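Let's walk through this protein together, one question at a time. Keep the picture open as you read.

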Amino acid sequence: KGPHIYPPESRPFGKSYPDWQAAFWHWALSLPVEGHPFVDSPEFDFSAGQSGKVWFVGAPDPAVTRNVSIPEGTALLLTVRDVETSTLEDPPFFGATEAEQRANSTWFADHIVDLCCIMDGVPVKNLEAYRVVSPQFDFNAPTPWVWGAIGGYGTGVGDGYFVMVDSFSKGKHTIQYGGTFHFEPGELGDEALDLPHDVTIELTVGKDRGHGHGDDDCDKDQADGR
């Protein structure tokens, strides 16, 4: 029996997928830059900032392989490919109001293609159904923070594809997931632009802490991205 994947309309551990996405961004944007999951760095520690039944999985672009460990019984929220817009970021990721944040994040998420999520060699079916838009969330970013030099209090809205998975058996598992932002000429620049996200998690279940960094691929054609 493989890991259990919660359907898009479910409420894993008492929260909807949109609420879990908001919780993910509140967590991610409040973390210090040093060791941040969005940065490929030796300082990365998978357990840092994690608590409770659900641990969040964030990773840098364009590609990374991480060897991580989780306590037995822990669920993971995978950010397959997603975006957020907030009051603290520079354009094109700035939104002064909830409506602006929502519209901007939706525009970016509409450009996500080539989704993939594979658990121990088995693809997750119907990934397109896992797109969710968060309610507006707030956060307190440190200075500096992962998206800028000066932090502070901010609000934002996220949009994209998330998968909640648990019931991992004790031992080793491999999770591979990602997607690509694809922009036609004139949308973000004069030329077409692809921003891939390709994450491989070599997971050990049954230990207390985990960290790792490196490179791998869902797709060898890679470019710098958010």
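Before we start: two residues are in contact when they have heavy atoms within 4.5 Å of each other. Also keep in mind that this is a predicted model.

Q: Leaving aside its neighbours within four places in sequence, which residues is Leu 78 in contact with?
A: Skip the residues within four places of Leu 78 in sequence, and look at what else it meets. Leu 78 also belongs to the largest nonpolar core, where it is among the residues that touch the most other members. Its contacts are Val 57, Cys 117, Met 119, Tyr 161, Phe 162, Val 163, Val 165, Ile 175 and Tyr 177.

Q: Which element gives the largest share of this core?
A: The core holds 59 residues, with Phe 24 and Leu 203 among those touching the most other members. The largest share is 9 residues, and they come from helix α1.

Q: How many of the residues of α1 are buried?
A: Buried means under 20% relative accessible area. The buried residues of α1 include Trp 20, Phe 24, Trp 25 and Trp 27, and what covers them includes β2, β4, β7, β8 and β9. The helix is mostly covered, and the count is 10 of 14.

Q: What should the 14 residues of α1 span, at 1.5 Å a residue?
A: The expected span is 1.5 Å times one less than the number of residues. The end C-alpha atoms of α1 are 20 Å apart, which agrees with the expected 20 Å.

Q: Which residues make up the covered face of β8, and which the uncovered one?
A: In a regular strand the side chains alternate between the two faces of the sheet. In β8, the covered face has Phe 137, Phe 139 and Ala 141, and the uncovered one has Asp 138 and Asn 140.

Q: Which residue of β9 does Asp 138 stand opposite?
A: β8 and β9 pair in the antiparallel sense, over 5 bridges. Across from Asp 138 in β9 is Thr 155.

Q: Which strands stand at the edges of the open sheet of 5 strands?
A: Read the order of the sheet: β3-β11-β10-β5-β6, with mixed pairing. An edge strand here has a single partner, so one side of it is left without a neighbour in the sheet. That picks out β3 and β6.

Q: What angle does the direction of helix α2 make with that of β10?
A: Helix α2 (residues 98-109) packs on the sheet, where it touches β5 and β10. Its direction and that of β10 make an angle of about 100°.

Q: Why do the buried residues of α2 line one face of the helix?
A: The buried ones are Gln 101, Asn 104, Ser 105, Phe 108 and Ala 109. Seen down the axis of α2, they line one face because they fall within an arc of 135°.

Q: Is Gly 179 buried or exposed?
A: Gly 179 lies in strand β10. It touches Val 80, Leu 115 and Leu 195, among others further along the chain than four places. The cut-off for buried is under 20%, and Gly 179 has a relative accessible area of 2%, so it is buried.

Q: How many residues apart in sequence are Gly 179 and Cys 116?
A: In space, C-alpha to C-alpha, Gly 179 and Cys 116 are 6.3 Å apart. In sequence, the gap between them is 63 residues.

Methods:
Residues are numbered from 1 along each chain as its sequence is written. This is a predicted model: local features need pLDDT of at least 70, side-chain atom pairs count only at pLDDT 80 or more; totals for chains, interfaces and linings use all residues. Side-chain values use heavy atoms; hydrogens and water are left out. A nonpolar core is a set of buried Ala, Val, Leu, Ile, Met, Phe, Trp, Tyr and Cys residues joined through side-chain atoms within 4.5 Å. Buried means under 20% relative accessible area, exposed over 50%, partly exposed in between (1.4 Å probe, protein chains only). Helices (H or I, at least four residues) and strands (E, at least two) are DSSP runs, numbered from the N terminus. Two strands pair if DSSP finds at least two bridges between them. Axes are lines fitted to C-alpha atoms, for helices over the stretch in contact, and angles run from 0 to 180 degrees between N-to-C directions. The arc is that of the directions from the helix axis to the C-beta atoms.
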